[in-house]
Amino acid sequence: MNPYRNWSVRRDDERIAWITLDVADSPMNKLSADVMTELATVLDDIERYPPAAAVFLSGKEAGFVAGADIEEFAGLDSPDKARELVARGWDLFNRMAGLAYPTCALIRGHCLGGGLELALACRYRVVVDEPATRLALPEVMLGIVPGWGGMLRLPQMVGPAAALDMMLTGRSVDARKAKKLGLADECVPARVMHNAARATVMSGRPARELPFWQRLLNGPLKGVVARQARAQVEKRAPQKHYPAPYAILDMWARYGGNALAVPANKPTSLDAIVASPTTRNLVRVFFMQERLKGFGKEADFQARHVHVIGAGTMGGDIAAWCAGRGMTVTLQDQAIEQIAPAIRRAAKVFDRKCRGDKLKSRMMLERIVPDVDWRGVRQADVVIEAIFENLEAKHRLLMALEPMVKPDAVLATNTSSLRIEDIGAVLNNPTRLVGIHFFNPVAKMPLVEVVSAANTDPVMSRRAAAFVKQIDKLPLPVASHPGFLVNAVLGPYMLEAIRCVDEGFAPETIDRALTDFGMPMGPIELVDLVGLDVAVAAGAALTGAGTPPKRLSELVAAGNLGKKSGQGFYAWIDGKAQKGTAGAVPDGLTQRIIQPLLDATRRCVDQGVVADANLADAGVIFGTGFAPFTGGPMNYLGTRLAPARSSRVEAAPALPRAA
Ligand code: NAI
């Protein structure tokens, strides 16, 4: 009889204790308070008859350990509770690190946050060489710090440069990289993983030590390294908005990686982190992301073959993205000459992605089959049209397509401005048409809007969301409404920014105002990127504004369309906007430009474009990069009115049916 709820211990003939974590009633392993308390008991029990060695492993298909239980962070409302939570892992993993017998973590699949900190407390780590094996300390993305020994042990193991890179960005490494960095002792195929763990833990090898110069950087020269790292962080994340990376640096450099040692009155203390609304908001953003992923789990639908029609900017990149995710893609256009540039673009992307592995990159490229004879349509599980934004052209195409598409396949349009109802009007069965609206550039934008018309079959919307999740994007269900959510909120925001140019503000100053606010890119640069002609058309459609702003009209009339023509509000050289110096940002400018975005978001919620305010926040953050530390526009509006708003996220509702 196993006396534990989440753990089990088996001793073999060599007296190795195999300690398996299989958290009860959960698809993945999370280190909740309950699981950690039980681990302490497991260690107590084992110590009564000390084993020769111990191997920690997972009983879950999904991976090793996904991290601490983030639900528990959401409830952290006082510094005392934060200290208690940190102390729980810090003490327990210090105890593990000091065990007299050798220990090894056998890591297959994800090993994140507290999971990696558990592994770091073992003497050895064996990783399984599979794409799903990823090791990371992503705490910084939640506005918190790896306080369970990560800040102490990761730099000792891989040196401060690699460790700070992982801790300050949250970036993960795969199994091979982990071995190369010295984070893993062995990197092995799954079939030999148990033997490798056994051999490693019984090897008697001393734990890995850093080379001398790395020990200097992690010792007397910490201050220098920290200053350089801080300068890098300042470029990306100002301290007033993002305290966690600064706390990580300080805790590592001055407090031995011990978050509990920082005095409460310091700006890098746990107390300061808990008090910052950023932490609450970023945890909230994490749950929003989980909620979006959840929409992809509502249908049991697996696409193997995608057929994309229109090999232009969007179609070509959608095809490449799907092929990169393992799908067979047929890419249709009117002639092979139209498809060739998309294939060339994909080849470059794959070469970069596969970093010199020619065979791998070739295999990806071979998954994209140029198709001018409509051959792929009949086999495809998902058909996406991404041809010109022209209703008649789309009608002609869909009428020809409909009889060929498999009855259970998803039939989708990537339209950005036409109503799904209007596009589907020519179909015998208009209820099967759904919008799958990708954003440009496809490879960079995490969000995809799944657009349902009033009459769209919900089964098809759910399948579309499942497909979006399958290709590692975040599906956001939206109603068929002008601009859906993301363009509907960006339109008025960009328009207001352009009006400010007409009033004499320098584009640089406007952009600076908004990047200081926390936007990833200023609105004027964004307009240049989208294309000034597109902005004129969208402006008329989305904002109802009659005449476009003067400067915008002049630029378009002169053929200056932004990045694509080399000149817009800025000159563009080698893909970069050539900016002059920004002036001082006058009071009220930021708020003036942000306000139309906030108002538009509220309108979308009121009009039912998205099901609720939380989804609006999620959509605007993941679709536009809207400053994540604010928790999204609706949350920002709410906190401006009532700072102590609850940060909980409601359970995921069904897909919205209608506008
Ligand atoms: P694009 O002009 O770059 O490419 C359109 C492609 O469709 C061209 O290669 C053209 O030869 C092909 N095409 C036209 N009629 C065709 C037909 N009957 N059969 C086969 N191929 C045909 O256009 P882009 O920018 O890629 O836009 C495509 C769609 O994606 C539009 O509906 C647009 O609204 C939407 N969209 C565009 C975004 C953007 O930033 N460009 C962002 C999100 C959506």
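Trainee: Into which domains is the chain divided, and which residues does each of them span?

Mentor: In this predicted model, the chain is divided into domain 1, covering residues 7-220, domain 2, covering 301-480, and domain 3, covering 490-646.

Trainee: How should I read the relation between domain 2 and domain 3, and how far apart do their C-alpha centres lie?

Mentor: Begin with the separation and then turn to the contacts: the C-alpha centres of domain 2 and domain 3 are 28 Å apart, and eight residues of domain 2 are in contact with seven residues of domain 3.

Trainee: What area is buried between domain 2 and domain 3, and which atoms give it?

Mentor: Buried area is what the two parts lose in accessible area on being put together, summed over both. Between domain 2 and domain 3 this comes to about 640 Å², with carbon and sulfur atoms giving 76% of it. On the side of domain 2, Leu447, Leu476 and Ala479 supply 47% of the area buried against domain 3, more than any other three residues.

Trainee: How many salt bridges and polar contacts cross from domain 2 to domain 3?

Mentor: The rule finds zero salt bridges across the interface of domain 2 and domain 3, while one residue pair, with both members at pLDDT 80 or more, is in polar contact between these domains. Strand S20, residues 474-479, gives the most to the side of domain 2 that touches domain 3, contributing five residues. By class, that side of domain 2 has eight nonpolar residues, with no polar and no charged ones.

Trainee: Which residues come nearest to the ligand?

Mentor: There are 20 residues around the ligand, and of these Met314, Asp333, Glu389, Lys394 and Ser416 come nearest. Individual polar atoms can then be examined: a side-chain N or O atom of Glu389 is 2.6 Å from an oxygen atom of the ligand, a polar side-chain atom of Lys394 lies 2.8 Å from a ligand oxygen, and for Gln334 the corresponding distance from a polar side-chain atom to an oxygen atom of the ligand is 3.3 Å.

Trainee: Turning to the backbone, is the peptide bond from Asn440 to Pro441 cis or trans?

Mentor: Omega is the angle to read here, and the bond from Asn440 to Pro441 is cis, with omega near 0°. Pro441 itself is placed in the loop between strand S18 (433-437) and strand S19 (447-452).

Trainee: Is the phi of Arg15 positive or negative, and where is Arg15 found?

Mentor: Arg15 has a positive phi of about 65° although it is not a glycine, and Arg15 is found in the loop between strand S1 (7-11) and strand S2 (16-21).

Note on methods. Residues are numbered from 1 along each chain as its sequence is written. This is a predicted model: local features need pLDDT of at least 70, side-chain atom pairs count only at pLDDT 80 or more; totals for chains, interfaces and linings use all residues. Side-chain values use heavy atoms; hydrogens and water are left out. Domain bounds come from an automatic or database domain assignment. Contact means heavy atoms within 4.5 Å. Buried area is the accessible area (1.4 Å probe) that two parts lose on being put together, summed over both. A salt bridge is a side-chain nitrogen of Lys or Arg within 4 Å of a carboxyl oxygen of Asp or Glu. A polar contact is a pair of N or O atoms within 3.5 Å; within protein, one must be able to donate a hydrogen and the other to accept it, and residues adjacent in sequence count only if both atoms are side-chain atoms. Helices (H or I, at least four residues) and strands (E, at least two) are DSSP runs, numbered from the N terminus. Ala, Val, Leu, Ile, Met, Phe, Trp, Tyr, Cys and Pro count as nonpolar, Asp, Glu, Lys and Arg as charged, and the others, Gly among them, as polar. A residue is near a molecule or strand if one of its heavy atoms lies within 4 Å of it.
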